[in-house]
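User: Could you walk me through this model in plain words? I'm new to this, so please explain the terms as we go.

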Amino acid sequence: MKNKIYLTAIASVILLITPLSTWAAAPIKPTPTIPTSSPADELVQTGLQQFRAKQFDPAISSWQQALKIYQQQKNHKGAINVLETLAEASKMLGKYEQAIAYLQQLLALAQSLGDRQTEANALGNLGNSYRVIGNYAKALEVQNQGLVIREELNDQQGEGQVLASLGNIHYDLGNYRIAINFYQRSLKIAKEVGNVNGIVFLLNSLGAIAGTEEEYPQAIKYYQQSLDNARKIGFREAEGNALNNIGSSYHVQRKYKEAIAYYEQALTVAKELKNPRLEGAAIGGMGLAYVFLQEYDKALSLQEQSWKLAEQIGDRRLEAMTLSNWGYTLWRSQKYSEAEQKFLTSLNLLESLRSNLSDGDKVSIFDTQLHAFNLLQQIMVAQNKPEAALEIAERGRARAFAELLSRRLDSSSAPKNDQKADLISSSLTSINIADIRRIAKQQNAVMVEYSLIADPTFIGQGKLKGEYIKLYIWVVQPSGELVFREVDLTKLDLTIGDLIADVRSLFNDSGVIAEDPKEVLDKYAELKILHRILIQPIQDLLPQDENTRVVFLPQGLLFLVPFAALINPQGQFLIEKHTVQIAPAIQVLDLTHQLRQQLQKVNLQATLIVGNPTMPSLGDPPIQLPTLLGAEKEAKAIASLLNTTFLTGDQATKMEVVAKMKSARFVHLATHGLLEEYRKGDIPGAIALAPSSIDDGFLTASEIVTMRLSAEMVVLSACKTGQGLLTGDGVIGLSRSLITAGVPSVVVSLWAVPDDPTALLMTKFYQKFQAEPNKAKAIRYAMLATKAKYPDPLNWAAFTLIGEN
């Protein structure tokens, strides 16, 4: 089997990994009594004694009184010491909002005194506290401020601490590649300066990263090293973290009794240290283990305890995770109504974590949260609530994309140079069933939404290795009528991932072209199987009129399916029976429609056509990309058809094309499209244009997303322009960037198509579109015309319309 895809499905529950403390933190230690007559100094010593005696409220009161005296005396050194102590004590007691208040006071004092070291310390501790309560944008901001000061002070150990903290934030956001880079840099510094606490923490963090990659033996190795080092130096908090995480690693390998033994050891340490975070993680892990041992009453009791501890701390992310696990346990106990409420509360908390994050970070953190959306759909279906399940399915897809589009619509009257603000997505209310019916009527199309359902018995650290067991399908008619169907995926000879991988390998191999219809049907047997899975269960619900659009809303790997080329039992392709369109979510479909309505007021008329620019170079050493004479021929034919000119060769520089894109109504780019071969920024994808003295010629998806375009349609007549990074937010790549930039309709390709069929298809597309400005119909007409001359779907099925018709 060629190019097998190894699937990562989404776990139904999350184990509470505790790797990510900062090696800057230290417990409050007894300090030698210094002979003094100062009442404030005496109050500080009294507070320390009370805290050691676990008289926490009196200790806080003593320190607060001392702080007031120091402030009255303008004893800045004393005030700094007490504020640091109050902040650390508040964190140890799980009162992070209170810790933040003290640290903000400390930061203001340090800045007023010009005390850069204290300022850096305060920023680091503020960042750690913001992370705990889920304010990741603020955590990143203050940690980066602190890093600048550490470098300015040549404070190598402090720099290592900040790097570890930045790694922790990116771990929480799901940016694992970025996190591991920070951890490795921090570990290098920790070893250089001999910071044994730092080494212990970082080994634990690297274990967590290995766990996310499902490399459990390697994760346990890291955790064991951390545990051994922690015990050598008597570092009990790190010891407890390592014990909990070793338990989690055994847990995901279904070694439940071994896991429970480690959780119990971690719990002993947590109770000794009065550490509610570690205690909640250990109790939650035990609760999940008992679910799989089918001891549900014990499991439910433990999950409730874990949630109460998370709520006490005020950590929204941890609270959401514990609620999710509690809901999962209730679901396994067949207490569906209670499970539903726990998951809904969990989702509200998870969504609150995404406010003020950049688009890239929203996508990353969303991918760590998909398990909750996945399982809540199953809970709704189990209660015979298909409409509510569809609302959850919509809520769980393309959220960051929809928020970006919504902000772009809202900011249409904002200054045109306010690009950065556009990328910090505002919150957006998810749509309900009434909205879905309204959009179906507005589109006058049949909408088909798919949701892949993972096996809920597998668990992991946010993700799992495994396969999908069900496919949920909702069909919404233009009248608003909704029908739900369910497909069992466990009885397939091949997994759906393997089927799609096999089809993709055929389309990526242009060496063997089928010449007649029988050869085509024999070559693409997998397209018949995919039709049986995706289309036949709803065939009776699809329109009889071939001109009525069917808008498919795929999820995950289904974005790679060439829907137009699916083959029915009679040997007919789907495009022969239906007019097909793709969208990442119903809400996105609504937003692209609004975008199109806005553009009607702009009234641009220019058309930009580019074909075969002077190609840029790629690689080390640089090698020029091959010329595309067929693309130049295609551009010339389309320009003649549309009675305009086109850019080619040295004319088609990146600077010239970008300038003309901003005033064009229609844009057609016939050139090389790249995916991972050239990547700058967070988003994969680039368009090859002619280089100049000021740039290398590559227009990247990351650059496009910051542009403000008013084009009605962009056609990317290049290979792989419809591909990208598959995430819970859809396909992150060129098409998403163009729509975000303001283009409601994008035509892209899922694979490389030979020159002659591409030129024919594009010419036929524009001929039809000129006669009848209906993009989906024009694509269908062009596909059928190309298919008549070039029967192999490799030649005609790659192009797809995304967005507004």
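User: How many bridges join β13 to strand β14?

Analyst: This is a predicted model, where local features need pLDDT of at least 70 and side-chain atom pairs count only at pLDDT 80 or more, while totals for chains, interfaces and linings use all residues. Residues are numbered from 1 along each chain as its sequence is written, and side-chain values use heavy atoms, with hydrogens and water left out. Strands (E, at least two residues) and helices (H or I, at least four) are DSSP runs numbered from the N terminus, and two strands pair if DSSP finds at least two bridges between them. Strand β14 covers residues 686–688 and runs antiparallel to β13, and the number of bridges joining them is 2.

User: Which residue in β14 stands opposite Leu674?

Analyst: Strands of a sheet pair through backbone hydrogen bonds, either parallel or antiparallel. Here β13 and β14 run antiparallel. Opposite Leu674, in β14, stands Ala686.

User: Which are the edge strands of the open sheet with the order β13-β14-β15?

Analyst: That open sheet has 3 strands with antiparallel pairing. An edge strand here pairs on one side only, and that goes for β13 (673–674) and β15 (698–700).

User: Is strand β20 largely enclosed or open, and why?

Analyst: Buried means under 20% relative accessible area, exposed means over 50%, and partly exposed is in between (1.4 Å probe, protein chains only). In β20, residues 799–803, 5 of the 5 residues are buried, so the rest of the structure leaves the strand largely enclosed.

User: Which residue in β20 is the bridge partner of Val747?

Analyst: Strand β19 (residues 745–749) pairs with β20 in the antiparallel sense, over 5 bridges. For Val747, the bridge partner in β20 is Leu801.

User: What is the length of the polar contact between the side chains of Arg150 and Asn121?

Analyst: Arg150 sits in helix α6 (residues 136–152), and it is buried, with a relative accessible area of 4%. Asn121 is 29 residues away along the chain, yet the two C-alpha atoms are separated by 9.1 Å. A polar contact is a pair of N or O atoms within 3.5 Å; within protein, one must be able to donate a hydrogen and the other to accept it, and residues adjacent in sequence count only if both atoms are side-chain atoms. For the side chains of Arg150 and Asn121, that contact is 2.9 Å.

User: Which backbone nitrogen does the side chain of Asn568 reach?

Analyst: Asn568 is found in the loop between β6 (549–553) and α26 (574–577). Its relative accessibility is 8%, so Asn568 counts as buried. At 2.9 Å, its side chain reaches the backbone nitrogen of Gln570.

User: Where does Gln294 lie, and is it buried or exposed?

Analyst: Most residues other than glycine have a negative phi, and most peptide bonds are trans. Gln294 has a positive phi, near 65°. It lies in the loop between α13 (276–292) and α14 (296–313). With a relative accessible area of 57%, Gln294 is exposed.

User: And Asn612: is it buried or exposed?

Analyst: Asn612 also has a positive phi, near 55°. Its place is in strand β8 (residues 606–613). With 7% relative accessibility, Asn612 counts as buried.

User: Which helix gives the most to the largest nonpolar core?

Analyst: A nonpolar core is a set of buried Ala, Val, Leu, Ile, Met, Phe, Trp, Tyr and Cys residues joined through side-chain atoms within 4.5 Å. The largest one has 101 residues, and Val448 and Phe552 are among those that touch the most other members. With 6 residues, the helix that gives the most is α23 (residues 496–507).

User: What percentage of the chain's residues reach a pLDDT of 70 or more?

Analyst: pLDDT is the predictor's confidence in each residue, from 0 to 100. Its mean over the chain is 83, and the share of residues reaching 70 or more is 84%.

User: How many contacts does the stretch 459–466 have beyond near neighbours in sequence?

Analyst: Contact means heavy atoms within 4.5 Å. The pLDDT is below 50 over residues 459–466, and beyond near neighbours in sequence the model gives this stretch a contact count of 37.
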